[in-house]
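Work through the exercises below with the structure open. Each task is followed by a solution in steps.

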Amino acid sequence: MLHLVFASGIVSLVVQDSIRVLQAQGYKVTKPRKQVLEILEQAQKPVSPYDIQGFLRQKGKHLNHVTIYRILDLLCRLNLAHRVLSSGGFVKCALGDIEGCHRFMVCRHCGVIQEFADKELCQRENKVAQNFGFHTEHHLSESSGLCSNCYRKHLGG
Ligand SMILES: [Zn+2]
Ligand SMILES: [Zn+2]
Ligand SMILES: [Zn+2]
């Protein structure tokens, strides 16, 4: 179980950015939505709805799973958070408004994740799909391997 330190009363700038996106899309910034955003912001690793519930419990708060799932679903739809395919955990989007689908490189050794987006990669994939008569709406893919740190250590020893 991960442990988080909460800076009480301080809403980080990143959370404020997400709150602005919610408002701009016509969504109310409810207390549970803010709480889930804060936890995603502070988590060092992808978190499950159960993890989120556990973190809230440490703060003496309770949200049920359905509520947490619904919030995560909304945040993912708005590209404020993403689901990491290999682990199923959720992370806060680290890119913001960058063009191209947001994807992850996941280190199988230390678990560090790196988010990236590449519009040209998307266009190339769309073309490949078009050759099959397929119309792509969204790409889901993830790279698994070793991060630069682990790769260097691996080579060194
Ligand atoms: Zn993203
Ligand atoms: Zn690594
Ligand atoms: Zn794409």
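**Exercise 1.** Decide whether cysteine 93 and histidine 102 are buried or exposed.

Solution. In this predicted model, cysteine 93 and histidine 102 are both buried. The two residues also serve the zinc ion (ligand 1): Cys93 (SG) and His102 (ND1) are among its protein donors.

**Exercise 2.** Find the protein donors of the zinc ion (ligand 1) and name their arrangement.

Solution. Step one: the donors are His82 (NE2), Cys93 (SG), His102 (ND1) and Glu115 (OE), at 1.8 to 2.2 Å from the ion. Step two: along the chain they are spaced H-x10-C-x8-H-x12-E. Step three: the angles between the four donor atoms run from 103 to 122 degrees, so the arrangement is tetrahedral. For comparison, the ideal angle for four tetrahedral donors is 109.5 degrees.

**Exercise 3.** Describe the site of the zinc ion (ligand 3).

Solution. Step one: Cys101 (SG), Cys122 (SG) and His139 (ND1) coordinate the ion at 2.0 to 2.2 Å. Step two: the spacing of these donor residues in sequence is C-x20-C-x16-H. Step three: cysteine 122 belongs to helix H5, while histidine 139 sits in the loop between H5 and strand S5, 17 residues apart. Step four: cysteine 122 has 8% relative accessibility, so it counts as buried. Histidine 139, at 8% relative accessibility, is therefore buried too.

**Exercise 4.** Classify the packing of helices H2 and H4.

Solution. Step one: the angle between H2 (residues 31-42) and H4 (residues 65-77) is about 70 degrees, and their axes are 10 Å apart. Step two: the two helices are therefore roughly perpendicular. Step three: contact residues include Val36 and Leu40 of H2 and Ile71 and Leu75 of H4. By class, the contact has eight nonpolar, one polar and one charged residues.

Note on methods. Residues numbered from 1 in each chain as written. Chains lettered and ligands numbered in written order. Predicted model: local features only at pLDDT ≥ 70, side-chain atom pairs only at ≥ 80, totals over all residues. Heavy atoms only, no water. Axes fitted to C-alpha atoms, helices over the stretch in contact; angles between N-to-C directions. Helix = DSSP H or I, 4+ residues; strand = E, 2+ residues; numbered from the N terminus. Parallel < 35°, antiparallel > 145°, perpendicular 65-115°, else oblique. Contact = heavy atoms within 4.5 Å. Nonpolar A, V, L, I, M, F, W, Y, C, P; charged D, E, K, R; others polar. Donors = N, O, S within 2.8 Å, 3.2 Å for Na, K, Ca; no water. Tetrahedral: all angles 85-135°; square planar, octahedral: opposite > 155°, others 65-115°. Buried < 20%, exposed > 50% of the residue type's maximum accessible area, 1.4 Å probe, protein only.
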